[in-house]
Amino acid sequence: MVLTSASSLGSPSSEPDLDSTEEIPQSVSSHNVILHRPRRLRRTETLRRLVQENNLRVEDLIYPVFVMEGDGNRQEVPSMPGCFRYTLDLLLDEVKEANALGIGAIALFPLIPVDQKDNYGTESYNPNGLVPRTVRTLKKAVPNLLVITDVALDPYSSEGHDGVVEDGEILNDETVAVLVKQALSHAEAGADFVAPSDMMDHRVGAIRRALDREGWTNVGILAYSAKYASAYYGPFRDALDSAPKFGDKKTYQMDAANAREAIKEVDLDIAEGADIVMVKPALAYLDIIYQIKQHTKLPVAAYNVSGEYAMIKAAAEKGWIDEKKVILETLISMKRAGADLILTYFAKEVALMLHH
Ligand code: PBG
């Protein structure tokens, strides 16, 4: 017995006689009609695109970049193949290329020479330091580029911590006072957004007040609100030579076991004046992204961090995974969880893929 044409999608004719059980197999008999066949919506590429719930857009991406002192030089980060620290002149080329691919925003991180590091992160608010110089150059050369600066002491700290250290303790309020100066120096240089990334208490409020007091009401705050004490930051610390000299970051960054606390941190940052809230890392914390998205009306950002990048690159280098497909699948999982924006070292690769 042959199934009638009703079984082949797209044919409008010959409705099966649902009352005749002899001619029709069980699956379409009157007693067992399958009304819902989700596969109908997956039949063709056009259909699949039509019903796609989430999508990745180049406009959603923020490209994190590393800048270092010097001229005409770039160094590949060993644990982040394809990612480089650039001197400003070469960074400019890189950023122009990214911008030409449709990437509208960068997040800037500096490699600070060891002899400029101290326990107070003094270099972090030098108005002629590496970051302010880079911001001025980038904003002048690519005015429509959105420049986001990292506000934290770790690249500047001789202790490799995100705060001023005293007797092994990371001091909160003393650190926030430095962060405020750092944020102001970035705003003066022309940064569009400052991104406090260290999880000190009340840094968002202190920075917002100082920015407003100095007239920088248009400078936004991208708050690393739920930032976890994560081993996924390893390659980034290689890139910036910023690993802690003692201990870990668990007295300020969050415990991976906690979710409610992430909501508390988000609430505080919103109350203190954050414009965008962020979850970091992204992949092991998709549930946090989801919960925060349900919780707030603010845009939610996700940071696809260095360790997540390195894992994909390493497996791809071994030929164990299809790199391009895994990148897209990984980033769409963040969108599905609720991320509006994604910081990713894959930004250029994704932009190229999306254009094809
Ligand atoms: C530190 C900072 C870190 C990252 C961004 N800002 C590392 C850390 O907290 O130790 C990590 C980014 C990444 O891993 O890609 N202020």
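A polar contact here is a pair of N or O atoms within 3.5 Å. Keep that cut-off in mind, because it decides which atom pairs around the ligand qualify as polar contacts. The model on your screen is predicted.

**Stop 1: the whole chain**

Start with the protein chain in cartoon view. Its secondary structure comes to 11 helices and 12 strands. Along the principal axes, the C-alpha atoms fill a box of roughly 85 × 45 × 40 Å. If you colour the 356 residues by burial, 50% of them will show up as buried.

**Stop 2: the ligand and its contacts**

Now select the ligand and zoom in. Begin with lysine 280: one of its polar side-chain atoms lies 3.3 Å from a nitrogen atom of the ligand. That pair counts as a polar contact because the limit is 3.5 Å. The protein covers 100% of the 400 Å² of accessible area that the ligand has on its own.

Next, pick aspartate 154, where a polar side-chain atom sits 2.9 Å from a nitrogen atom of the ligand. Then click on lysine 227, which places a polar side-chain atom 2.7 Å from a ligand oxygen atom.

**Stop 3: the shell around the ligand**

How many residues surround the ligand? There are 18, and the closest are Arg237, Lys249, Lys280, Ser306 and Tyr345. Show them as sticks and colour the shell by class: you should find 8 nonpolar, 3 polar and 7 charged residues. Hide the ligand for a moment and look at the space it leaves, which is the largest cavity.

**Stop 4: the cis bond after lysine 280**

Go back to lysine 280 and follow the backbone into proline 281. Is the peptide bond between lysine 280 and proline 281 cis or trans? The bond is cis, with omega near -10°. Proline 281 is placed in the loop between strand S10 (276–280) and helix H8 (286–295).

**Stop 5: the loop from S8 to H5**

Select the loop that runs between S8 and helix H5 (203–213), where you will meet methionine 199. Phi of methionine 199 is near 70°, a positive value in a residue other than glycine. Is methionine 199 buried or exposed? It counts as buried because its relative accessibility is 4%, and the limit for buried is under 20%.

Histidine 202 belongs to this loop between S8 and H5 too. Its phi is near 65°, again a positive value in a residue other than glycine. Histidine 202 has a relative accessibility of 39%, so it counts as partly exposed.

**Stop 6: aspartate 192**

Step back along the chain to the loop between helix H4 (173–189) and strand S8 (193–196), and select aspartate 192. With 21% relative accessibility, aspartate 192 counts as partly exposed. Add isoleucine 221 and draw a distance between the two C-alpha atoms: they are separated by 8.8 Å, although the residues are 29 apart along the chain.

**Stop 7: leucine 130**

Finish at helix H3 (residues 130–141), where leucine 130 is found. Leucine 130 counts as buried, because its relative accessibility is 4%. For a last distance, select isoleucine 112 as well: C-alpha to C-alpha, leucine 130 and isoleucine 112 are 7.8 Å apart in space and 18 residues apart in sequence.

Key:
Residues are numbered from 1 along each chain as its sequence is written. This is a predicted model: local features need pLDDT of at least 70, side-chain atom pairs count only at pLDDT 80 or more; totals for chains, interfaces and linings use all residues. Side-chain values use heavy atoms; hydrogens and water are left out. A residue is near a molecule or strand if one of its heavy atoms lies within 4 Å of it. A polar contact is a pair of N or O atoms within 3.5 Å; within protein, one must be able to donate a hydrogen and the other to accept it, and residues adjacent in sequence count only if both atoms are side-chain atoms. Accessible areas come from the Shrake-Rupley method with a 1.4 Å probe; for residues, only the protein chains shown count as cover. On a 1 Å grid over the protein atoms alone, a cavity is a set of points where a 1.4 Å probe fits but cannot get out, and a pocket is an open set with protein on both sides within 12 Å along at least five of seven lines; lining residues have an atom within 4 Å of a point. A molecule sits in a cavity or pocket if more than half of its atoms lie within 2 Å of its grid points. Ala, Val, Leu, Ile, Met, Phe, Trp, Tyr, Cys and Pro count as nonpolar, Asp, Glu, Lys and Arg as charged, and the others, Gly among them, as polar. Helices (H or I, at least four residues) and strands (E, at least two) are DSSP runs, numbered from the N terminus. Buried means under 20% relative accessible area, exposed over 50%, partly exposed in between (1.4 Å probe, protein chains only).
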